[in-house]
Amino acid sequence: MTRTRRILVLEFISAGGLGEAAAAEPAGALGESLLAQGVRMRDALLGELSALPGLEIGVADAGLAPLPAPMRTPGTAMRRLPTAGVNDLAAWLHAQQSAFDLVWVIAPETGDCLLSLCQAVAPVRWIGCSAGAIRVATSKTRTRERLAAQGVPTPRAWAPGLPLPAQPGRWVLKPDDGAGSEHTRVFADFAAAHAALGATGAVVGSGEVQAAAGMPTRWTLEAWVEGDALSLSLLCTGGRVEVLSVNRQRLTVAADGRLGYAGVDAGVAPVTPALHDLAVRCTAAVPGLAGFVGIDFVRQVDGQLCVIEINPRLTCAYAGLAAPPPATGPARDGARPPRRLAADIIAGHDAALANPATESAHAPTEPA
């Protein structure tokens, strides 16, 4: 008989990570709110997990958005874990995790949020990328440096001490640890972007500085890469990389330059050998990537590929790839069961634990 396993799902925004203000966050002209993005990923994951046998599911929830229908059905294997009023989700998670066999977190990298939640969970329970991989991918500067060392094309970037760029073209100023296009602006040229950076009073790069009033303290200043904004969804298990899909990122640029995220279209193009090679080189540059991983890149007019960032977690594309919840009626004769990515990711987690050579989720992180 298969032993029942307990899994805790925590999606940072709907669990109250941004406070109750997240519920009132408007989508507006800039696109989807962070809460809406988080809930779509959470519900897609819960839909897949609910179809797997032998799982009892606990969901961290602050009451900011409705839970999916199966959780509102008496007798379901899912139960709500209230988080309203919790000020420190990492501490809450650390206290809860010992009651579960597995912990699956969806969270932004901003402010080392994803990393702190990872470090609150024992390695045997944590589903996803290692702490070391999360720490690298959290910083766009560290990621660029790692990718460049592997010969992966990345945007031109500027930092103090480097010559001022003379080439024409747009530049983008964004938080070094940002997610979801928050606080990101596109400028007509380098001079305008550089002036905006000076007005922040913060620093460029991954160095640690004193936190300031609600604004990022670390920034990256990059040349805007013209072309099609795309992403890859990867399944990373046991050192192997499968490219699940090529996705289109729907980005908007407002009149004042603010960058917005309006969603993603999954599976818009075939996986070519060049894209698979790009995925392999990216994962080689950041050891410890595991489970579902996203790579944002631009296909330029001349066909060249340029990697913007690596997301060491579920991304919004997962909601378009996840299998729907099980149908209530009988399956059609001869119908193939849908592939459930969550099952593959959990199996990869279990296999990694059984292999002593696999990097621990809490392997030491490199110094800043």
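This report describes confidence, one sheet, two buried residues and the aromatic contacts in a predicted model.

Residues are numbered from 1 along each chain as its sequence is written. Local features need pLDDT of at least 70, side-chain atom pairs count only at pLDDT 80 or more, and totals for chains, interfaces and linings use all residues, while side-chain values use heavy atoms and leave out hydrogens and water.

**Confidence**

The predictor's confidence in each residue is called pLDDT and runs from 0 to 100. Its mean over the chain is 86, and 83% of the residues reach 70 or more. The pLDDT is below 50 over residues 208–213, a stretch with 7 contacts beyond near neighbours in sequence; a contact means heavy atoms within 4.5 Å.

**The sheet**

Helices (H or I, at least four residues) and strands (E, at least two) are DSSP runs, numbered from the N terminus. Two strands pair if DSSP finds at least two bridges between them. Five strands form an open sheet with parallel pairing, in the order E3-E2-E1-E4-E5. Strand E3 (78–82) and strand E5 (126–127) are the edge strands, each pairing on one side only. Strand E1 (residues 5–11) pairs with strand E2 (residues 55–61) over 5 bridges, and valine 9 has valine 59 in E2 as its bridge partner.

**Two buried residues**

Buried means under 20% relative accessible area, exposed over 50% and partly exposed in between, with a 1.4 Å probe and protein chains only. Alanine 179 lies in the loop between strand E7 (171–175) and strand E8 (185–187), and is buried at 10%. Proline 108 is 71 residues from alanine 179 in sequence, but the C-alpha atoms are 6.0 Å apart. Serine 233, in strand E11 (residues 228–237), is buried at 1% relative accessibility. Among the contacts of serine 233 outside its neighbours within four places in sequence is Phe292.

**Aromatic pairs**

Rings of Phe, Tyr and Trp (its six-membered ring) pair if their centres lie within 6.5 Å; planes under 30 degrees apart count as stacked, over 60 as edge-to-face and the rest as tilted. The count comes to 3 aromatic pairs, including these two edge-to-face pairs.

| Pair | Centre to centre | Angle between planes |
|---|---|---|
| Tryptophan 158 and phenylalanine 190 | 5.6 Å | 65° |
| Phenylalanine 292 and tyrosine 318 | 5.5 Å | 80° |

Phenylalanine 292 lies in strand E14 (residues 291–299) and tyrosine 318 in helix H8 (residues 317–321), so their pair ties together parts 26 residues apart in sequence. Phenylalanine 292 is buried at 4%, and tyrosine 318 is buried at 0%. Tryptophan 158 and phenylalanine 190 are also buried, and with Trp171 they form one aromatic cluster.
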